[in-house]
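Trainee: Please pick one part of this model and take me through it slowly. I would like to follow how its charged side chains, its strands and its interior fit together.

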Amino acid sequence: MEVAFVCPECGEVFYHHSWTIEERLQVEETERGARWVRGLVRVDCPLCGKVHRYTPDAVLCPCALGQKR
């Protein structure tokens, strides 16, 4: 699945399908029912050439950016 990321080095959005889950993703829930996902996603950045790690909330949905891929 191709998702969107923001390169922290240059601040530009890039799309990549070859990302990996580095830490197991876990859903956590509060007593009031609020839920969120914890873990790390790793991707090799095509813009700056470095490896970046993102929390699930930092991974962008391409649809939310208004772009068809």
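**Around glutamate 22**

Mentor: Let us begin with glutamate 22, which counts as partly exposed at 35% relative accessibility. (Buried means under 20% relative accessible area, exposed means over 50%, and partly exposed lies in between, using a 1.4 Å probe and protein chains only.) Before going further, note that this is a predicted model: local features need pLDDT of at least 70, side-chain atom pairs count only at pLDDT 80 or more, and totals for chains, interfaces and linings use all residues. Residues are numbered from 1 along each chain as its sequence is written, and side-chain values use heavy atoms, leaving out hydrogens and water.

What does the side chain of glutamate 22 meet? One partner is arginine 53, in a salt bridge with an N to O distance of 2.6 Å. (A salt bridge is a side-chain nitrogen of Lys or Arg within 4 Å of a carboxyl oxygen of Asp or Glu.) Glutamate 22 belongs to strand E3 and arginine 53 to strand E5, so this pair links distant parts of the chain, 31 residues apart. (Strands, labelled E, are DSSP runs of at least two residues, numbered from the N terminus.) Arginine 53 is itself partly exposed, with a relative accessible area of 46%.

Another partner is arginine 42, whose side chain meets that of glutamate 22 in a salt bridge of 3.8 Å, N to O. Here the pair ties together parts that are 20 residues apart in sequence, because glutamate 22 lies in strand E3 (residues 19–29) and arginine 42 in strand E4. Like glutamate 22, arginine 42 counts as partly exposed, at 29% relative accessibility.

Now put these pairs together. Glu22, Arg42, Asp44 and Arg53 are linked in a network of salt bridges, and the structure holds six salt bridges. One of the others joins glutamate 29 to arginine 35, with their closest N and O atoms 3.8 Å apart. Both ends of that bridge are exposed: glutamate 29 has a relative accessible area of 52%, and arginine 35 has 60%.

The strands that carry these charged residues also pair with one another. E3 and E4 run in the antiparallel sense and share eight bridges. (Two strands pair if DSSP finds at least two bridges between them.) Isoleucine 21 stands opposite valine 41 in E4, while tryptophan 19 has valine 43 in E4 as its bridge partner. In the hairpin of E3 and E4, five residues lie between the strands, and glycine 33 there takes a positive phi near 95°.

On to the next pairing: four bridges join E4 to E5, and these two strands are antiparallel. Valine 43 finds its bridge partner in E5 in histidine 52. The hairpin of E4 and E5 has six residues between its strands, with glycine 49 taking a positive phi near 85°.

Valine 43 is a good place to turn towards the interior. Leaving aside residues up to four places away in sequence, valine 43 touches Phe5, Phe14, His16, Ser18, Trp19, Lys50, Val51, His52 and Tyr54. (Contact means heavy atoms within 4.5 Å.) Histidine 52, in strand E5 (residues 51–54), is buried, with a relative accessible area of 6%. With the same neighbours left out, histidine 52 touches Cys7, Pro8, Glu9, Val41, Arg42, Val43 and Cys45. Arg42, you may remember, also forms the salt bridge with glutamate 22.

Valine 43 also belongs to the largest nonpolar core, whose eight residues are Val3, Phe5, Cys7, Phe14, Val41, Val43, Cys45 and Tyr54. Strands E1 (3–6) and E4 (35–44) are the elements that give two or more residues to this core. (A nonpolar core is a set of buried Ala, Val, Leu, Ile, Met, Phe, Trp, Tyr and Cys residues joined through side-chain atoms within 4.5 Å.)

For a contrast, go back to strand E3, where valine 27 lies. Valine 27 is exposed, with a relative accessible area of 52%.
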